[in-house]
Amino acid sequence: MKRMETIEKVIGENTFYIRPFAAFTASNVSCEAIAVLSPIIGGLAPLFGNMEKEETSKADKGEGSDSVDWMDMDIEAALPSITDALSNVSGDKVEHLMKRLLVDYGNISVEGPDTDGNVKKLDRDLADEVFCGEIQDMVILCYEVIKLNFRGFFKKLGARSGSLTERFRRTVAPTLVSGESST
């Protein structure tokens, strides 16, 4: 009954009820997600490497621990890398992926101010209303859908890949998986 299990996430003023994709749908969407997210992750990877070197250097000098928190990055220093990473991503592809993750398969329902307190299936029109002026909430919901459907894929990938994946798992993934920003 995994397919019918629903997780509940409160994001902003809304409560979202998310069901997993069917297996074949998940495999199809995973390819698209990887194609869109890979350039971003690849473009940001040097940032994490530099942060790790700085933290290791501080630890060697007795100035701090060897743990790296990507939230501590100097945004001004990181901006060129972030800009370069995002310049490799098509807005049309991101929009298409977000539609597939959030509305195309009818796997999400929402309850909140824009639904008059009723639970309604998230469709394009309702998504436009719910996320108008709150694009960050839409990104957070996309992350929750990816986490629900592809968590095992990324964990197993880490076991088979080199240091880049391990660095990503140590620095970014713990913050994302904790869900601190979404509930």
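This report walks through a predicted model, starting with its sheet and moving on to its core, cysteines and salt bridges.

**The sheet**

Let's begin with the strands. Four of them make an open sheet in the order β1-β2-β3-β4, and the pairing is antiparallel. At the edges stand β1 and β4 (119–121); each has a single partner strand, so one side of each is left without a neighbour in the sheet. On average, and ignoring direction, neighbouring strands here are turned by 25 degrees against each other.

The start of the sheet is a hairpin built from β1 and β2, with two residues between them. One residue in that turn, Gly12, has a positive phi of about 65 degrees. Strand β1 covers residues 7–11 and strand β2 covers residues 14–18; the two run antiparallel and are joined by five bridges. To pick out one pairing, Val10 has Thr15 in β2 as its bridge partner.

Over at the other end, β3 and β4 also run antiparallel, with three bridges joining them. Here Glu111 finds its bridge partner in β4, namely Val119.

Ser109 is a handy place to see how the strands come together. This residue sits in strand β3 (residues 108–111), and at 16% relative accessibility it counts as buried, because the cut-off is under 20%. Setting aside neighbours within four places in sequence, Ser109 is in contact with Thr15, Phe16 and Tyr17, and also with Val119, Lys120, Lys121 and Leu122.

The sheet has a helix for company, too: α4 lies across β2, β3 and β4, running at about 145 degrees to β2.

**The nonpolar core**

In soluble globular proteins, nonpolar side chains tend to be buried together. In this model, the largest nonpolar core has 31 residues, and those touching the most other members are Phe16, Leu101, Leu102, Ile108, Leu122, Phe131 and Leu141. Both strands and helices chip in: β2, α1 (23–60), α3 (91–102), β3, α4 (124–131) and α5 (135–160) each give two or more residues. Helix α5 supplies the largest share, seven residues.

Take Phe16 and look at what surrounds it. Leaving out neighbours within four places in sequence, Phe16 is in contact with Ile7, Glu8, Lys9 and Ile11, then with Ile108, Ser109 and Val110, and finally with Val130, Phe131 and Leu141.

**Two cysteines**

How many disulfides does a search of the whole structure find? The count is zero. As for the surroundings of two cysteines, Cys31 counts as exposed at 54% relative accessibility, whereas Cys142 counts as buried at 6%.

Cys142 belongs to helix α5. Beyond its neighbours within four places in sequence, Cys142 is in contact with Met98, Leu101 and Leu102. Cys142 and Leu97 are 45 residues apart in sequence, yet their C-alpha atoms are 9.0 Å apart in space.

**Salt bridges**

Now for the charged side chains. The whole structure holds four salt bridges, including these three:

| Pair | N to O distance |
|---|---|
| Lys9 and Glu144 | 3.7 Å |
| Glu32 and Arg100 | 2.3 Å |
| Glu95 and Lys99 | 3.3 Å |

Which parts of the chain does the pair of Lys9 and Glu144 tie together? Lys9 lies in strand β1 and Glu144 in helix α5, so this pair links parts that are 135 residues apart in sequence. Lys9 is buried at 17% relative accessibility, and Glu144 is buried with a relative accessible area of 0%.

Glu32 and Arg100 tell a helix-to-helix story: Glu32 lies in helix α1 and Arg100 in helix α3, so the pair ties together parts that are 68 residues apart in sequence. Both Glu32 and Arg100 are buried.

Glu95 and Lys99 stay within one helix. They are four residues apart in helix α3, which means about one helical turn separates them. Glu95 is partly exposed, with a relative accessible area of 37%, and Lys99 counts as partly exposed at 27%.

One last detail: Lys9, Glu144 and Lys147 are joined into one network by salt bridges that share partners.

Definitions and conventions. Residues numbered from 1 in each chain as written. Predicted model: local features only at pLDDT ≥ 70, side-chain atom pairs only at ≥ 80, totals over all residues. Heavy atoms only, no water. Pairing = 2+ DSSP bridges. Buried < 20%, exposed > 50% of the residue type's maximum accessible area, 1.4 Å probe, protein only. Contact = heavy atoms within 4.5 Å. Disulfide = S-S within 2.5 Å. Core = buried A, V, L, I, M, F, W, Y, C linked by side-chain atoms within 4.5 Å. Axes fitted to C-alpha atoms, helices over the stretch in contact; angles between N-to-C directions.
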